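Work through the exercises below with the structure open beside you. Try each task before you read its solution.

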Amino acid sequence: MSFLEYAPAPESTALLNLQSEYGLFINGEFVAGSDPTFSTISPATEKHIATIAQASSADVDAAVKAARTAYDTTWSRLSGRDRGKYLFRIARLVQERARELAVAESLDNGKPIKESRDVDVPLVAAWFFYYAGWADKLDHAGVGPNPRALGVAAQVIPWNFPLLMLAWKIAPALAAGNTVVLKPAETTPLTALLFAEIVQQAGLPAGVVNIVTGAGETGRALVNHPDVNKVAFTGSTSVGREIARSLAGTSKKLTLELGGKGANIVFDDAPIDQAIEGIVRGIFFNQGHVCCAGSRLLVQENIHDEVVERLKTRLGTLRVGDPLDKNTDVGAINSAEQLQRIRTLSDIGEAEGAERWSPACDLPENGFWFAPTIFTNVSTSSRIARDEIFGPVLSILSFRTPAEAIAKANNTPYGLSAGIWSDKGSKILAVADKLRAGVIWANTFNQFDPSSPFGGYKESGYGREGGKQGLAAYLAPAAFGSSPTALPVSTSSALEGADK
Amino acid sequence: MSRLAVPKTYKLYIGGKFPRSESGRVYEILDASGGFLANAAQASRKDARDAVVAARNAVSGWSNATGYNRGQVLYRIAELLEGRRAQFIDEIVASEGVSPSVAGSQVDEAIDRWIWYAGWADKYTQVAGNANAVSGPYFNISVPEATGVVAIIAPQDSSLIGFVSAVAPALVAGNTVVVVASQRLPLSAISLAEVLATSDVPGGVVNILTGSPAEIAPWLASHADVNALDLVGASDLDWISLQIAAAETLMRVLPPESGPDAALPSLARITAFTETKTVWHTKSLI
């Protein structure tokens, strides 16, 4: 056993008390779905975890009706203070059941337990705690006095951070006074269903939170339901486009958090040790299944070789394997479909002339696995420099001047995240000003906080989640036509003239 | 014997210049009683594309100017508008058929709105941005900034107020605009272009097209280099199709508004064309 080899240290699954079959969570109760059930599996072993109901459009309709009734009869009549108390309860219940949720998440998603335990679930609790405190302070949300809730929110979330994305969606929606129907991703429904139990334990009025499981069709039925007032979607840019098209002409308020191809820029005056860790965190965190991943590394030319060398050494120490093992750094790819996409794009990268490298690592026989991979000699026109791979694959490009770094970083239709590494504060601020991305990490990467707005420019979507901005996404001004104007209204006579 | 008047040729305004439509087309502008008033250029698809190119080229300079500087440049426009008050009143009287005093109050209101927005240029970031108390050793700040090129279908039933109310807020944060003027009442828009051309607004920051919104709008809505689309004056168009076209590049879209309350001054009209950028910076542990 070398110093890098560790004895297995699997987290116990004994505290999981899963049911063999889960229904849809509608109006406070689990009910059977109308369409054929499906199986959710562990991507690390391909073993069956539980049987999941599939919501038909009739089921979705029932969920929206339940949410509407709850909005009309209870939730919209509740004081902000009491809404807040329910959310505080949820935050506490998440903390109490944190380990169980972390194990379930790693089992169903394939992410390392140290990430679900130390990042995902603590952030879920933080998100509910943060927005709980907003519920009785909506006058300060930035949309003027006495803002009102939108009504029923339809929320569709991805598989990369299943429970965290649920929290990003549900916490601000409920704080603002909306009721929700949420659809978790097809491959990761488990923690959303455990969350439904938490909703029951919290004594939330029936229908305020509804969870419908299923695939794309279920999501389509949900966002296109005529009685939905707000749609929030996190996922691919192509589905985001489809939703934006299908909502055209409706009054539904829409926020989209879509794909990215984040640039991580390392200047020659960067603290290199920290930068190497940041590069690893930027692309290999969560197997690279992160929309804001730093998937394009831009290194200043004079330190390129040194950075690549040190990165290779560091990647050699990453442990890939059992997500439930406490020593695992990189877990399983979430699905066979995603694995195929990563393989295809990586092969294209090679075919287009980039140089591929992975550390030697033994991958388990069953399950979906992809070794951490870096590409050097990547041209800006290569597919692996342009397309979102959504896997543990890093494309490395070089630059000479800050202006070139900025131009290359912005040379993408996406605009979600970017990283800057330098010890020179004035340079960081100047570069940050010019990057067209919604979240910029300077000398750090992939940090998240409920008070910090998150969201993209350009084709990475619109609207923000987190912070005051994330709350405003679920609110409307007191009444239509009353805007936060300070202009003396002397307009009436002039405008009457214009009407003639 | 009365002097023979010198009528004006109303042209487009693209990149700080006054070209005719490349198509060579014009259409007749009628006065309130249906008589001939002027020929206006009827902009084509290529004119719209040229305008987007001009607007894109102007984004960097305008959005990187300081808020104080943009505020002064915008205020200067109000000063020049005030100086040309009589010209605007004449045109509004001629094309809308209202009394000079009604036209005068429209011009006054337009100027006041312009000043209201000019004052926001160095303040909206303070009101719409914030420092974030994250739980860790990080400096964290969220600031709104310009989204880029904004295409605007100006309100169609207003000469000046509607146009100003749609264009001014988009400029505040540093966006550049391509605006399709009122088809029926375009004279004020072109006269405003003359104001812009003699002010300190860099060429390309405001580009004005006259002609058929129904013809031009689809090319703007489907243009990949347009970041946002303001459909405030598009209620009579097939605006749902425009929204669908705009979805292709995830354009930020504002819906049509109608009636006298269309495009009332608001901070929301400024922030609608901004992106919130959040910057995290480590703090050392000392």
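**Exercise 1. The annotated domain**

Task: Find which residues of chain A the UniProt annotation "domain: Aldehyde dehydrogenase" covers.

Solution. Start with the record. In UniProt, an unreviewed entry places this annotation on residues 30-475 of chain A. Next, look at that span in the model, which is predicted. Helix makes up 41% of the span and strand 17%. Its end C-alpha atoms are 29 Å apart.

Now turn to chain B. There the annotation "domain: Aldehyde dehydrogenase", again from an unreviewed UniProt entry, covers residues 29-238. This stretch of chain B is 50% helix and 17% strand. Its end C-alpha atoms lie 23 Å apart.

**Exercise 2. The interface**

Task: Describe how chain A and chain B touch, going from totals to single residues.

Solution. Step one: count residues. In chain A, 54 residues are in contact with 51 residues of chain B.

Step two: take the area. About 4,200 Å² is buried between the two chains, and carbon and sulfur atoms give 53% of this.

Step three: list the polar links. Across the interface, 27 residue pairs are in polar contact, both residues being at pLDDT 80 or more. Between chain A and chain B there are four salt bridges. One of the residue pairs joined by a salt bridge is R245(A) with E248(B). Their closest N and O atoms are 2.9 Å apart, and the cut-off is 4 Å.

Step four: see which elements of chain A take part. Those giving two or more residues include helix 8 (237-246), helix 14 (425-434) and strand 18 (439-442). Helix 16 of chain A gives the most, with six residues.

Step five: sort the residues on the chain A side. They divide into 23 nonpolar, 19 polar and 12 charged.

**Exercise 3. The sheet**

Task: Trace the open sheet and say which strands form its edges.

Solution. First, write the order. The 10 strands run 14(A)-15(A)-16(A)-13(A)-12(A)-17(A)-18(A)-10(B)-4(B)-3(B), with mixed pairing. The edge strands are strand 14 (355-357) of chain A and strand 3 (130-131) of chain B, and each pairs on one side only.

Next, find where the chains meet in the sheet. Strand 18 of chain A is joined to strand 10 (residues 274-282) of chain B by four bridges, and the two run parallel. Here I440(A) has V279(B) as its bridge partner.

Last, check a pair within chain A. Strand 13 (residues 296-300) and strand 16 (residues 393-399) of chain A run parallel, joined by five bridges. L298(A) has L397(A) in strand 16 as its bridge partner.

Notes: Residues are numbered from 1 along each chain as its sequence is written. Chains are lettered from A and ligands numbered from 1 in the order in which they are written. This is a predicted model: local features need pLDDT of at least 70, side-chain atom pairs count only at pLDDT 80 or more; totals for chains, interfaces and linings use all residues. Side-chain values use heavy atoms; hydrogens and water are left out. Contact means heavy atoms within 4.5 Å. Buried area is the accessible area (1.4 Å probe) that two parts lose on being put together, summed over both. A salt bridge is a side-chain nitrogen of Lys or Arg within 4 Å of a carboxyl oxygen of Asp or Glu. A polar contact is a pair of N or O atoms within 3.5 Å; within protein, one must be able to donate a hydrogen and the other to accept it, and residues adjacent in sequence count only if both atoms are side-chain atoms. Ala, Val, Leu, Ile, Met, Phe, Trp, Tyr, Cys and Pro count as nonpolar, Asp, Glu, Lys and Arg as charged, and the others, Gly among them, as polar. Two strands pair if DSSP finds at least two bridges between them. UniProt positions are given in the numbering used here, feature names are shortened, and annotations may be inferred rather than shown by experiment.
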